[in-house]
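Visitor: Please take me through one part of this model closely. I would like the place where helices of two chains pack.

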Amino acid sequence: MSVLLVLEERGGRISRTSWEAAAAVLRLAPANEVTAVVIGAQTESLANEAATKAFGKVVRVEHPLLAHYTSDGYCAALHQLIQKESPAYIVFPHSYQVRDYAPALACRIGQVLIGDVIDIADGPVFTRQFMQGRLNGSYRHAGGGPCFVSVQAGAFRPDVPDIALPDAAGATPIEAFAPSIDAAQIRTRPGEPFRGSAQTVDLGSAQLIVSVGRGIREAENLPLVQDLATALGAELAASRPICDNGWLPMERQVGSSGQSVAPKLYLAVGISGAIQHLVGMKGSQCIVAINKDPDAPIFEVADYGIVGDLFEVVPALTETVKASKS
Amino acid sequence: MKIIAAIKQVPERDAQVRIDSAGKWIDEADLQYAMNEPDAYALEEALQLKEKAGGEVIVLSAGPERVGQTIREGLAKGADRAIHVVCDDLASRDALGVARLLAEAIKAENPDLILTGLQSEDLGLGQTGVIVAELLGLPHTSLILQVEKTDSGLKVKRELEEGWFQSIELPTPAVLTIQSGGTKLRYATLMGIKRAKTKEVRMVNATDLGVNAAPVVTLDAIMLPKKQKSTQILDGSAKEAAAALVEKLKFEARVL
């Protein structure tokens, strides 16, 4: 049995979420049965970085047309590699890029990606969340053929010793794989990535954050949470819908499409805790949730919770904070 | 441009979902349903493109009879007609099974553009649009916030992670999966609601589409998530809870 682990690059290095996927892979096979895959036009340094771990081997999938990510290019290249290697599993980090091509790649060989997996148990049984994180589901791969799996950011910790990937004892073999790709196969023309707007607030370095979600109902109610943030000396942040509505600027958005934060205190007001939000803040030292719904997934990661009407709780909290400081 | 907006009916965002007695799916009794939010944005994008460039918007949805209500909402907002793939076993099909139904229904229409939300708010698989593109042999791109028609096809704004974006050009016909928040959603007008009643909704039976429904991936059981932390819930009046919280944050967690 063999496993293909598709690693992703971020800033010239293998991404953190790729290493998390590598930790998850160990639930499926020992490291020496895992083939780590790096993709691009020039992959030498990524391959060398991967080879520091005790993988069975590292494969460099290299082609000039893979210089920039395209679904067509990646699907063509990986499809050929899968045909050559016949793996039992193909594992990815659940990144935006993987979401863009892995379902199509799986479909090309009649398979279905089990996406955004948070746990892998014997069977194997894959756990993923649905209903906005309110429920978990156990999934199995039913048919023959390779099983495609993507791993949610933050679900597996490569720094935890008992699930850590062993370092390479000797030299991990590195192979080259040159897919045949024709320029005409690539139908999308991607441009250079750009930033949305100039950043004026750095939530990443904030020690205290008060974050607001849909529960606030209207833009007119925002001063309520702003007052709490001011009283605490905290930065104000928000979940995606608040920024989508233009109530707060995009740069204050926490979550997979916004900023990742890890303050001492993260106080979530009226945020239900969709997965996309949780991945951006669950590393916070202390999490407080104020929500009217006792089943809201935010309470799964909260240290302290108040189940109640934020329009009553937040002003009371602001007053208490002010009083305790004077 | 002939545009298909594929939309899904999902349980309302605030609905209390319960696990059914078999532990295999949610209890659908008394559930309220709504249009999946990212799909609402896909429909909005379709309507705006039509307003700029002319053409036709067709709403496509798969599911049981109740889905008709969400389809009417799409028509009331301005879609020209609809296709309802009547299917009572949507939840037991995997992403490929559902995408096959949609792709089969789309084929006969030969659209220039297919738009759908990037993911559903119930299963959250985020795969349907991408698989539909693969099945139809069309180019696609996902997580799209803006769509602009050009002479040679489309120019779109794609969301990347951590506040980055990217422009992508691609030819039509194509499939785009739309991210929420790229534009403002419209409400149906009274006139729109009235007109929707007279618009065509073509019913297609899933069984007549002749697609393979055998799942590759099965959902064996559903359960409540295991708590990742033990949460201390602070009870009492708002004032009491607030006082208890400040006390805890100062002296127990020591973060204030």
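Guide: A crossing is left-handed if the near helix is turned anticlockwise from the far one by less than a right angle, and right-handed if clockwise. This is a predicted model: local features need pLDDT of at least 70, side-chain atom pairs count only at pLDDT 80 or more, and totals for chains, interfaces and linings use all residues. Residues are numbered from 1 along each chain as its sequence is written, with chains lettered from A and ligands numbered from 1 in the order in which they are written.

Helices here are DSSP runs of H or I with at least four residues, strands are E runs of at least two, and both are numbered from the N terminus. Helix α9 of chain A covers residues 310-325, and helix α6 of chain B covers residues 238-251. They pack at an angle of about 45°, axes 8 Å apart. Axes are lines fitted to C-alpha atoms, for helices over the stretch in contact; angles run from 0 to 180 degrees between N-to-C directions. That angle makes α9(A) oblique to α6(B). Under 35 degrees counts as roughly parallel, over 145 as roughly antiparallel, 65 to 115 as roughly perpendicular, and the rest as oblique. The crossing of α9(A) and α6(B) is right-handed.

Contact requires C-beta atoms, placed from the backbone, within 7 Å. On α9(A), the contact residues include A:Glu312, A:Val313, A:Leu317 and A:Val321. On α6(B), B:Lys239, B:Leu245 and B:Val246 are among them. The contact divides into 10 nonpolar, two polar and two charged residues. Ala, Val, Leu, Ile, Met, Phe, Trp, Tyr, Cys and Pro count as nonpolar; Asp, Glu, Lys and Arg as charged; the others, Gly among them, as polar.

The chains also share a sheet. Its 10 strands form an open, mixed sheet, running from β11(A) to β12(B). The twist averages 35° from one strand to the next.

Definitions and conventions
Two residues are in contact if their C-beta atoms, placed from the backbone, lie within 7 Å. Two strands pair if DSSP finds at least two bridges between them.
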